[in-house]
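Here are some friendly notes to read alongside the model. Please keep the structure open as you go through the points.

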Amino acid sequence: MASVPFDQLDGFIWMNGEFVKWADAKIHVLTHGLHYASSVFEGERAYGGEIFKLTEHTERLHESARILGFTIPYSVAEIDDACRTLLKKQGFTDAYVRPIAWRGSEMMGVSAQNNRINCAVAIWQWPSYFDPAQKLKGIRLDLAEYRRPDPRTAPSKSKAAGLYMICTISKHAAEAKGYADAMMLDWRGQVAEATGANVFFVKDGKLHTPKPDCFLDGITRRTVIDLAKRRNLEVIERAIMPEELEGFEQCFLTGTAAEVTPVSEIGPYNFQVGEIAKTLMEDYSAEVQPRRALAAE
């Protein structure tokens, strides 16, 4: 699949209330969302024919749009139904789900008060965000040049397309040097997140993770915190300075695409792929599988 451009995949895309052929799901070059990043999106995964925490993701999509100053013209229930129906229509049980909403092409300029708000959902097969062999050994991260911005300068609580520009730059730079991804600091110089995933560290049997005060409090992040607490693991959300990385024993990333991915290296700092990271990786894999009622004997 990696060799096929995304605009040439087969199937259907749900777009503004209709299922259209994949190749026909197009927008105009003067779309506001393309020029001014007035776009919000979600990343979700389906396991065994069910989309994990679908409604939670759709609610966040609506909230992201609200933060950017527009209202999606489809309810949470309507988008949920479109996602589920499209998953079946595509014939997938395990897949990646991408809802997106954006301002259209009716007006071109910074102000676009009367532009149509469009909404679409695409679903494709995306087995693993990181190379599976590297994931088991722990991936290597570079230290990014760009930092997550001060919330007073950007809508950091929105999953907005524009906020990912520095993520793309940072991941490309890391890959050019042989790394899998990059670790980003925030504007204060504190550890923030990777380019598309939250980060956790392990020390003395306790989990430490940055407070999400200038980046998304990921749905996978919250799921893993719940899983850790079920294991009676203490989770400490706090400011983490980069020089503290030397004292941590384990590290892993969490995200819908990344799931739970151990990290072996961040710049000059090295980590073990230890039992806590492995256990939470296994617990997460079990958690996302659909719960199906056992047939009565």
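1. A word on terms before we start: a residue is called buried when its relative accessible area is under 20%, and exposed when that value is over 50%. Please also keep in mind that this is a predicted model.

2. Let's begin with helix α3, which runs over residues 76-90. Which residues of α3 are buried? They are I79, D80, A82, C83, L86, L87 and Q90. These residues cover an arc of only 160 degrees around the axis, so they sit on the same side of α3. An α-helix has 3.6 residues a turn, so residues three or four places apart point the same way. On the other side of α3 you will find A77 and K88, which are exposed.

3. The length of α3 can be checked too. At 1.5 Å a residue, its 15 residues should span 21 Å, and the C-alpha atoms at its ends are 21 Å apart, which agrees. Just after the helix comes G91, with a positive phi near 80 degrees.

4. Next, have a look at H208, which belongs to strand β12 (residues 206-210). Is H208 buried or exposed? With a relative accessible area of 9%, H208 falls under the 20% cut-off and therefore counts as buried. Its side chain makes a polar contact with the side chain of R238, at 3.1 Å. Leaving aside residues up to four places away in sequence, H208 touches V199, F200, F201, K203, I236, R238, I240 and F248. R238 thus appears both as a polar partner and in the list of residues touched.

5. Now for the inside of the protein. How many cavities of 30 Å³ or more are there? The count comes to 1, and the largest cavity has a volume of about 40 Å³. Its lining is made up of R45, Y47, F52, H57, I219, T220, T256 and Y284. Strand β4 (44-47) and helix α6 (219-230) each supply at least two residues of that lining.

6. Helix α6 deserves one more stop, at T223, which lies in this helix. T223 is buried, because its relative accessible area is 2% and the cut-off is 20%. Not counting residues up to four places away in sequence, T223 touches F52, K53, Y284 and E287. Two of these contacts, F52 and Y284, will be familiar from the lining of the largest cavity.

Key: Residues are numbered from 1 along each chain as its sequence is written. This is a predicted model: local features need pLDDT of at least 70, side-chain atom pairs count only at pLDDT 80 or more; totals for chains, interfaces and linings use all residues. Side-chain values use heavy atoms; hydrogens and water are left out. Helices (H or I, at least four residues) and strands (E, at least two) are DSSP runs, numbered from the N terminus. Buried means under 20% relative accessible area, exposed over 50%, partly exposed in between (1.4 Å probe, protein chains only). A polar contact is a pair of N or O atoms within 3.5 Å; within protein, one must be able to donate a hydrogen and the other to accept it, and residues adjacent in sequence count only if both atoms are side-chain atoms. Contact means heavy atoms within 4.5 Å. The expected span of a helix is 1.5 Å times one less than its number of residues. The arc is that of the directions from the helix axis to the C-beta atoms. On a 1 Å grid over the protein atoms alone, a cavity is a set of points where a 1.4 Å probe fits but cannot get out, and a pocket is an open set with protein on both sides within 12 Å along at least five of seven lines; lining residues have an atom within 4 Å of a point. Grid points are joined across faces, edges and corners, and a volume is the space filled by probe spheres set on the points.
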